Amino acid sequence: MKYADSVVDLIGGTPLVRLNRVTEGISATVLAKVEYLNPGGSAKDRIATRIIDAAEREGLLKPGGTIVEPTSGNTGVGLALVAQQRGYRCVFVLPDKVGEDKRNVLTAYGAEIVVTPTAVAPEDPESYYSVSDRLAREIPGAFKPNQYANPNGPRSHYETTGPEIWADTDGRVTHFVAGVGTGGTITGTGRYLREVSADRAGGRVQIVGVDPVGSVYSGGTGRPYLVEGVGEDFWPSAYDPAVVDRIVAVSDQQAFDLTLRLAREEGLLVGGSCGMAAQGALEVARELGPDDIVVVLLPDGGRGYLGKIFNDGWMRRHGFSHATGSPTVADLLG
Ligand code: PMP
């Protein structure tokens, strides 16, 4: 019989799929690593198990304990999956720009959520960093994973995402592209791919980070952007800039345009940070030749964004062009 002992054992081992239509005019091969096929629907499932295992080992998380974390949703789902299997309570702190669908997913897994304003500085007592610090101090038996500083985040990608990409491309990957939020994905995966390819004839894997225009990684100060889960207004220690060869900045408009195209043309219903990462990957791939193999990581699925990027009215209200709606009968009949 073939079955997993628990849903936690289904995390990782996600497939690569070639992008065929949005790559028109590009001779390099562009492969997407489809992280929404993780059981919790995102790449963040990977970091959750490793972070909780380490916390148990180090005595930071004890039976009956509570996990407190500021998260845009995906990390919460991963943590909630593992926590419910082991009897921990979860309290997540979310900025108010996170969509209602994403919030409801967290509560569906049994987590509790606290919503905080987006438009305040990180040091403001109302910010989601400050609120989660206070909850972690005041709730007895609380453990704060702190994905922005926890070395087990990048380590999980070093041990799983990187080796999977290397194995699935038979060691032929030439460029790895990922959006940067905490920086854990690009740091862990990038470090592994650099090391494993260090002595390869033809040179090592190039590591490309993609960042929303205005965020610190591409030289901004943290000006608000609407793409979720990526970009920062500070430098987290989960991010090691020494691993990254190049950063590409992408606007919300470009990110959302490509997100819509990935759904319509590639059959990949993914989130806005995926459109952003893929846009960065296409910009890099355009400069490359037929022997190059670009792997871009798509962190999550699109169902959490149906009321936003995939909603015509929301797109128009936020000043984005591109109609997502279907034609009316009148349009079709002229
Ligand atoms: N996209 C989404 C939707 C995310 O939730 C995250 C995690 N914040 C990322 C991209 C970036 O991943 P990382 O934190 O590993 O840089």
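The expected span of a helix is 1.5 Å times one less than its number of residues. In this predicted model, helix H6 puts that rule to work. H6 runs over residues 184-196, so its 13 residues should span 18 Å, and the C-alpha atoms at its ends are indeed 18 Å apart. Much of H6 is hidden: Gly184, Thr185, Ile186, Thr187, Gly188, Thr189, Gly190, Tyr192 and Leu193 are its buried residues. These pack against H1, H5, S7, S8 and strand S10 (293-298). One of the buried residues of H6, Thr185, turns up again at the ligand. There, 16 residues sit around the ligand, and Gly181, Thr182, Thr185, Gly229 and Ser273 come nearest. Sorted by character, the shell around the ligand holds 11 polar, 3 nonpolar and 2 charged residues.

Stepping back to the whole chain, the secondary structure amounts to 10 helices and 10 strands. The chain's radius of gyration is 20 Å, close to the 20 Å that the globule rule gives for 334 residues, so the chain is as compact as a globular protein of that length. Its C-alpha trace spans about 60 × 60 × 50 Å along the principal axes. Of the 334 residues, 50% are buried. Among contacts with a separation of 6 or more, 68% link residues that are 24 or more positions apart.

What goes on inside? In soluble globular proteins, nonpolar side chains tend to be buried together. Here the largest nonpolar core has 59 residues, and Phe176, Val177, Ala277, Ala278, Ala281, Val294 and Val296 touch the most other members. H8 gives this core its largest share, 8 residues. Take Ala281 as an example: setting aside neighbours within four places in sequence, Ala281 is in contact with Val30, Val177, Val294 and Val296. There is also a second, separate core, with 28 residues, including Leu79, Tyr128, Val131 and Ala136.

Leu79 leads on to helix H2, where it is one of the buried residues. The 13 residues of H2 (residues 74-86) should span 18 Å at 1.5 Å a residue, and the end C-alpha atoms are 19 Å apart, which agrees. H2 is mostly covered, with 10 of its 13 residues buried. They are Asn74, Thr75, Gly76, Val77, Gly78, Leu79, Ala80, Leu81, Val82 and Ala83. The cover over these residues includes helix H1 (44-57), strand S3 (66-70), strand S4 (89-95) and helix H3 (100-108). Right after H2 comes Gly87, with a positive phi near 80 degrees.

Helix H7 (residues 252-266) gets the same kind of length check. Its 15 residues should span 21 Å, and its end C-alpha atoms are 20 Å apart, which agrees. The buried residues in H7 are Asp252, Gln254, Ala255, Phe256, Leu258, Thr259 and Leu262. They pack against strand S8 (206-212), strand S9 (246-250), helix H8 (272-285) and helix H9 (312-317). H7, too, is followed by a glycine: Gly267, whose phi is positive, near 70 degrees.

Positive phi also shows up outside glycine. Asn146 has a phi near 50 degrees, a positive value in a residue other than glycine. Asn146 lies in the loop between strand S6 (142-143) and helix H5 (152-168). Asp170 is not a glycine either, and its phi is positive at about 50 degrees. Asp170 belongs to the loop between H5 and strand S7 (175-179). So which of the two is buried and which is exposed? Asn146 counts as buried because 20 C-beta neighbours lie inside 10 Å, and 20 or more is what burial takes. Asp170 has 8 such neighbours inside 10 Å and therefore counts as exposed.

Finally, there is Gly12, in the segment before strand S1 (16-18). Gly12 counts as buried, as it has 20 C-beta neighbours inside 10 Å. Apart from neighbours within four places in sequence, Gly12 is in contact with Arg46, Thr160 and Glu164. Gly12 and Val213 are 201 residues apart in sequence, and from C-alpha to C-alpha they are 30 Å apart in space.

How values were computed:
Residues numbered from 1 in each chain as written. Near = placed C-beta within 6 Å. Nonpolar A, V, L, I, M, F, W, Y, C, P; charged D, E, K, R; others polar. Helix = DSSP H or I, 4+ residues; strand = E, 2+ residues; numbered from the N terminus. Buried ≥ 20, exposed ≤ 12 C-beta atoms within 10 Å, placed from the backbone. Contact = placed C-beta atoms within 7 Å. Rg over C-alpha atoms; globule rule 2.2 N^0.38 Å. Core = buried A, V, L, I, M, F, W, Y, C linked by C-beta atoms within 7 Å.
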